[in-house]
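Trainee: I'm used to gels and assays rather than coordinates. Could you show me how to read a model like this one, feature by feature?

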Amino acid sequence: MSFKVGLIGKPNVGKSTIFSALTKHNAEIGNYPFTTVKPNMGTAFIRFPCPHKDKGRECNPADGYCLNGTRYIPVQIVDVPGLIEGASEGKGMGNQFLESVRDSDAIIQLFDASGRTDMMGNPLPVPEPVIGEEIDMVRNELRKWLSSFISRDWERFAKKADSSGDRPGKSLQTKLSQLRLTEHDTSEILASGVFPSQLSIWGESDFRDLASLIIERTKPGIYLGNKIDLLDERQAEEIATLRNDLYLTSGETELILMKAREAGILRNEDLPFEISEKATDQQRSALIKLQETSSRKFYTGVRKALEITVFNKLRRIVVFPVYDESTWEDRQGRLLPDAFLMREGDTALDLAFRIHTEIGENFIRAIDGKTRRTLGKDHLLSNGDVIKIVSKS
Ligand SMILES: Nc1nc2c(ncn2[C@@H]2O[C@H](COP(=O)(O)OP(=O)(O)OP(=O)(O)O)[C@@H](O)[C@H]2O)c(=O)[nH]1
Ligand SMILES: [Mg+2]
């Protein structure tokens, strides 16, 4: 199951621009609302130091790639059409496309930090920042959509669940399985005491409250303000300090930098830029200008923003499962073939189930590939672990 991040926001904020910079796709981009009419999907890669250097040779990733000791782990990105107020009642492109973020692990909510577009995404000649309003509107539409998704066919489901004698958390998890909720999630939500214990007497306000809790719990993410290039330092600071899960970027800058790297004109991702001798004078001065933008105090590159979402906000860790704990190879002799994004707090047994249900069910023990210590099923995984699972065959 691949890791998936959805990009949502009102029209014309730069979702497709950021999507293209992250995935190298050529999504359609335009300075008007509803350029995107159906979701774009692609793969981006997040970075993690690869432990292969301990073995003195290059690894063989089954997914993603490895470059100069850095492992690039794939993450699916979905770019959806813009949302406007009333999208949940079918306005604009409606919210049918939110279905494509239903099973996402996280959401990056984009907004136009420059204030050059109105709430519908129409360009404005004079900037008129509506940041708070914009963030709340999109959040609200997301919640309304989720609430109506939850209430679909509720009566029939609730009657059956109430009379079945099954655990309510289990019934609810099965109904909402497309949202990537675990029974642990639904049981904790139900135990919060705010919902009627009998599912069949739930009403609109319960669906709304449940939607909010689900978004918080299973669709966490960050707020990413785009078009920082149109702001001065004081304006950027004012926005960046509005909340602590908010970052600023420039999709347009990132898209040009990505293309420059693809063309071999720009050699690196970090600062300072290494510009190739191949670059013309014009290209060189354009890149130097972009370097100034991307080295600004409140600037976050789009890949960095994605990494913050996955590692800091979602608290994912990277674990390398191997077949042979001493060589770190799989059965075919491939070095460190897999890099799994696991949750902080996951155990050796969780890793076994992630590899295969059968391996989980037949778990005997795990072995730490770095220390060779034997680990029990409850052993907590650490970031960068190399682990062998021993199971009954
Ligand atoms: N100045 C500036 N313009 C940008 C930036 N990123 C995107 N744009 C411009 O903003 C406009 C909208 O970009 P899109 O990527 O199509 O926006 P979107 O959010 O996908 O729009 P919809 O598909 O209509 O919802 C285009 O004219 C882009 O060139 C940026 O960082 N700075
Ligand atoms: Mg778009």
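Mentor: Happily, and let's begin with burial: a residue is buried if 20 or more other C-beta atoms lie within 10 Å of its own, exposed if 12 or fewer, and partly exposed in between, with C-beta atoms placed from the backbone. This is a predicted model, where local features need pLDDT of at least 70, side-chain atom pairs count only at pLDDT 80 or more, and totals for chains, interfaces and linings use all residues. Residues are numbered from 1 along each chain as its sequence is written, and chains are lettered from A and ligands numbered from 1 in the order in which they are written.

Trainee: Let me try that on an arginine. Is R296 buried, exposed or partly exposed?

Mentor: R296 has 16 other C-beta atoms within 10 Å, so it is partly exposed. R296 sits in the loop between α9 (281-294) and α10. Those labels are DSSP runs numbered from the N terminus: helices are H or I runs of at least four residues, and strands are E runs of at least two.

Trainee: And how far apart are R296 and I228 in space?

Mentor: Their C-alpha atoms are 9.5 Å apart, although 68 residues separate R296 and I228 in sequence. I228 belongs to the loop between β6 (221-226) and α7 (233-240). With 25 other C-beta atoms within 10 Å, I228 is buried.

Trainee: Which residues is I228 in contact with?

Mentor: Contact here means that two C-beta atoms, placed from the backbone, lie within 7 Å. Leaving aside neighbours within four places in sequence, I228 touches A113, A236, L248, T249, S250, F298 and Y299. Sequence distance can mislead the other way too: I228 and A211 are 17 residues apart in sequence, yet 32 Å apart from C-alpha to C-alpha.

Trainee: Now the ligand. How many residues surround ligand 1, and which are the closest?

Mentor: A residue counts as near a molecule if its C-beta atom, placed from the backbone, lies within 6 Å of it. There are 26 residues around ligand 1, and the closest are G14, S16, N31, T36 and G82. The elements that contribute two or more residues to this shell are α1 (15-23) and α8 (251-262). By class, the shell has 7 nonpolar, 15 polar and 4 charged residues. For those classes, Ala, Val, Leu, Ile, Met, Phe, Trp, Tyr, Cys and Pro are nonpolar, Asp, Glu, Lys and Arg are charged, and the others, Gly among them, are polar.

Trainee: How do I describe two helices that pack together?

Mentor: Two packed helices are described by the angle between their axes and the distance between the axes. The axes are lines fitted to C-alpha atoms, for helices over the stretch in contact, and angles run from 0 to 180 degrees between N-to-C directions. Here α1 and α10 (residues 302-313) pack at about 90 degrees, with axes 9 Å apart. The two helices are therefore roughly perpendicular, a label for 65 to 115 degrees; under 35 is roughly parallel, over 145 roughly antiparallel and the rest oblique. I18, A21 and L22 of α1 meet V302, R303 and L306 of α10. This contact has 5 nonpolar, no polar and 1 charged residues.

Trainee: Which residues of helix α4 are buried?

Mentor: In α4 (residues 168-175) they are S171, L172, Q173 and K175. The buried residues of α4 pack against α3 (154-164) and α5 (183-190).

Trainee: What about backbone oddities?

Mentor: Most residues other than glycine have a negative phi, and most peptide bonds are trans. Against that background, D153 has a positive phi of about 60 degrees and R372 one of about 65 degrees. D153 is in the loop between α2 (131-151) and α3, and R372 is in the loop between β10 (363-368) and β11. Both are exposed: D153 has 9 other C-beta atoms within 10 Å, and R372 has 10. The peptide bond from L271 to P272 is cis, with omega near -10 degrees, and P272 lies in the loop between α8 and α9.

Trainee: Last one: how far apart are the centres of domain 2 and domain 3?

Mentor: Taken over C-alpha atoms, those centres are 33 Å apart. Domain bounds come from an automatic or database domain assignment, which gives domain 1 (4-145 + 220-311), domain 2 (152-218) and domain 3 (316-391).
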